[in-house]
Every structure is written in structure tokens, then in C-alpha cells.
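Trainee: Please take a close look at one part of this model, and then set that part in its surroundings. I would like the cut-offs behind each term as you go.

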Amino acid sequence: MTIGFAGLLSVAWRLLRRDAALLLPIVGTFVFLPGFAALLLCDPVPPLPPSPRDEIVMEAWMQAVTIWGQGNGVWFLLAELVAAFGLAAIALLLLDPDRVTVGQALGQAMVRLVAFVMASVAIAVPVAMGLWLLVLPGLYLQARLIVAVPAMARHPALRPLAALRLSWKMTKGLDRALTGALVALFLAQWMAVSPLLLADEALRLPASANPLALALVDALIAGIGAAYALSTLLLGVVAYRVRASKGT
């Protein structure tokens, strides 16, 4: 019996509902709050210029992004690092064979943080390149690598590169369902966050500056980002369990 993308999402939802009391405080503390702080305290990333985009326009945009990164990039990188720690702790909490407590999961995530971050970066770079070129290839790559972090949580001796290879092997035959689930999550996130990004841009203009409204909008953006990060992790956990149960 095969499982489709709707089945994967349904199982991930049931997993979230079952363990929400444990998972949501970790997500709120280590994924939402750092992301919210980075959005609120840093300048926004320069938006892509409107079409048509010739070489001169794109070079100017790249220069603006470089300048932005020099002043703000470190805070977003720090937020991503803390988020990787929190997500690793959740993976350990769900997949450690000894049924660790939240405190033990956080402790193990700290000890193994470098390995988890290396795996997360190794996944993020090709996925980001795929999303940049065309959305679907990026989501397909994410689908094939989505089991890496859960596999590392289940097998402490597994190193990042070996985890990536294992993920590629384990998601064979499940790639269409996983890609479909990720497409559904990506579209839901995009539809929810797009108007908020426009509102964020408008509220930062001197003529319409409103600190309270900006804080609310940024909190919603960070909340949607945290929900997407948790959803993709749970999807990876479900995919790992499905394949592991079949001896893959």
C-alpha cells in the first residue's frame, strides 16, 4: 500500500496534535521568537526589482542585497542557527529510541549542534538554488533530503553527509508524495505571507509608520515561517517512519 501527499500531511497533522503540548513551546522559543526579533529589529531584504530586469538592474539589486547583508545578515544567520537547534531538539524528542524528555532533547541537540547545522546547511543550499531557479526543483530536492535530520536524530552515529545519502535512498519511491506535500505547504505559506510582506513594506514608510501594527505584522510573518519549518520537519519524521517501517 502506497501513501499519497494527502496521507503524509494527515499523519503529520495527527502527530502535531498528539504532541502539541511538547512541540509548540520549543517552536515558539527557538524558531518563532528569534525570527520575530530579526524581522522587527533588522532592515527588510531589498525586494526583487520589477520586470523587465536587465543586467544593470540586477547588478544594482545584488549590490543592495550585499550592503543589506553586511548590516543585517548576521542577525538572520543567528536566528537560523537557534531555529536549527530547536528543530533538532524536536526531531530528537520524536525519534530518540529512549524516549527522552524535553530537557534531555535540548541537551542532546546542543551537544550535536554542529552536526545538525552542517546537515541543515547542506540541505538549504541546493534547495535555495532550486527555489531560485524554479520553485518545483527546489521543493523536489527538499523532498529527497527531508529525512536527513530525522535520521540523524534516530541514529546518533550518523554523520551529516551519510544522513543526506540515506535520505536520498529512503525517499526513493516516496518522492512524488513528499514533493506534493511540500508544494501544498509552500503554496499555503506563500498565500498567507505575501500580503503580510506587502503590509510590512508599507508600514516601514515614513508616511505610514505604525510601530504596533508593524510588530503585529512581523509577528504573523514569523509565526507563519515557524509553522512552515515545523511542518516540513514533521513531514520528514513521518517519511522516515514510513520508510523505516518497511525496512528501507
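Mentor: What follows starts with the salt bridges and moves on to helix packing and a few single residues.

This is a predicted model, in which local features need pLDDT of at least 70 and side-chain atom pairs count only at pLDDT 80 or more, while totals for chains, interfaces and linings use all residues. Residues are numbered from 1 along each chain as its sequence is written, and side-chain values use heavy atoms, with hydrogens and water left out.

Side chains of opposite charge can pair when their charged atoms come close. A salt bridge here is a side-chain nitrogen of Lys or Arg within 4 Å of a carboxyl oxygen of Asp or Glu. Searching the whole structure gives three of them.

One salt bridge pairs arginine 18 with aspartate 19, with 2.7 Å between the closest N and O atoms. For burial, the relative accessible area is under 20% for buried, over 50% for exposed and in between for partly exposed, using a 1.4 Å probe and protein chains only. Arginine 18 counts as exposed because its relative accessibility is 51%, whereas aspartate 19, at 12%, counts as buried.

Arginine 204 takes part in a salt bridge with aspartate 200, where the closest N and O atoms are 2.9 Å apart. Aspartate 218 also meets arginine 204 in a salt bridge, at 3.2 Å from N to O. This second pair links distant parts of the chain, with aspartate 218 in helix α9 (residues 211–245) and arginine 204 in the loop between α8 and α9, 14 residues apart. Shared partners thus join Asp200, Arg204 and Asp218 into one network of salt bridges. Both aspartates are buried, aspartate 200 with a relative accessible area of 7% and aspartate 218 with 0%. Arginine 204 is partly exposed, at 27%. Helices (H or I, at least four residues) and strands (E, at least two) are DSSP runs, numbered from the N terminus.

Helix α8 (residues 175–203) packs with helix α1 (residues 5–41), their axes coming within 7 Å and crossing at roughly 65 degrees. Axes are lines fitted to C-alpha atoms, for helices over the stretch in contact, and angles run from 0 to 180 degrees between N-to-C directions. That makes α1 roughly perpendicular to α8, since angles of 65 to 115 degrees count as roughly perpendicular, those under 35 as roughly parallel, those over 145 as roughly antiparallel and the rest as oblique. The crossing of α1 past α8 is right-handed; the term means that the near helix is turned clockwise from the far one by less than a right angle, and left-handed means anticlockwise. Contact means heavy atoms within 4.5 Å. On the α1 side it is made by Phe5, Leu8 and Leu9, and on the α8 side by Ala177, Leu178, Gly180, Ala181, Ala184 and Leu185. By class, eight of these residues are nonpolar, one is polar and none is charged. In this scheme Ala, Val, Leu, Ile, Met, Phe, Trp, Tyr, Cys and Pro are nonpolar, Asp, Glu, Lys and Arg are charged, and the others, Gly among them, are polar.

Helix α8 also holds methionine 191, which is exposed at a relative accessible area of 55%. From methionine 191 to proline 211, 20 residues along the chain, the C-alpha separation is 24 Å.

In helix α9, leucine 234 is buried, with a relative accessible area of 3%. Apart from neighbours within four places in sequence, leucine 234 contacts Ala12, Leu15, Leu16, Leu23 and Leu94. Leucine 216 lies 18 residues from leucine 234 in sequence, with 27 Å between their C-alpha atoms.

Helices α8 and α9 are also among the partners of helix α5, whose buried residues pack against α4 (113–133), α6 (148–154), α7 (160–170), α8 and α9. In α5 (residues 135–145) these buried residues are Gly138, Leu139, Gln142, Ala143, Arg144 and Leu145. The axes of α4 and α5 are 6 Å apart, at an angle of about 155 degrees; the two helices are therefore roughly antiparallel. Their contact sets Ile123, Pro126, Val127, Gly130 and Leu131 of α4 against Val135, Pro137, Gly138, Leu139, Leu141, Gln142 and Leu145 of α5. Nine of the residues in that contact are nonpolar, three are polar and none is charged.
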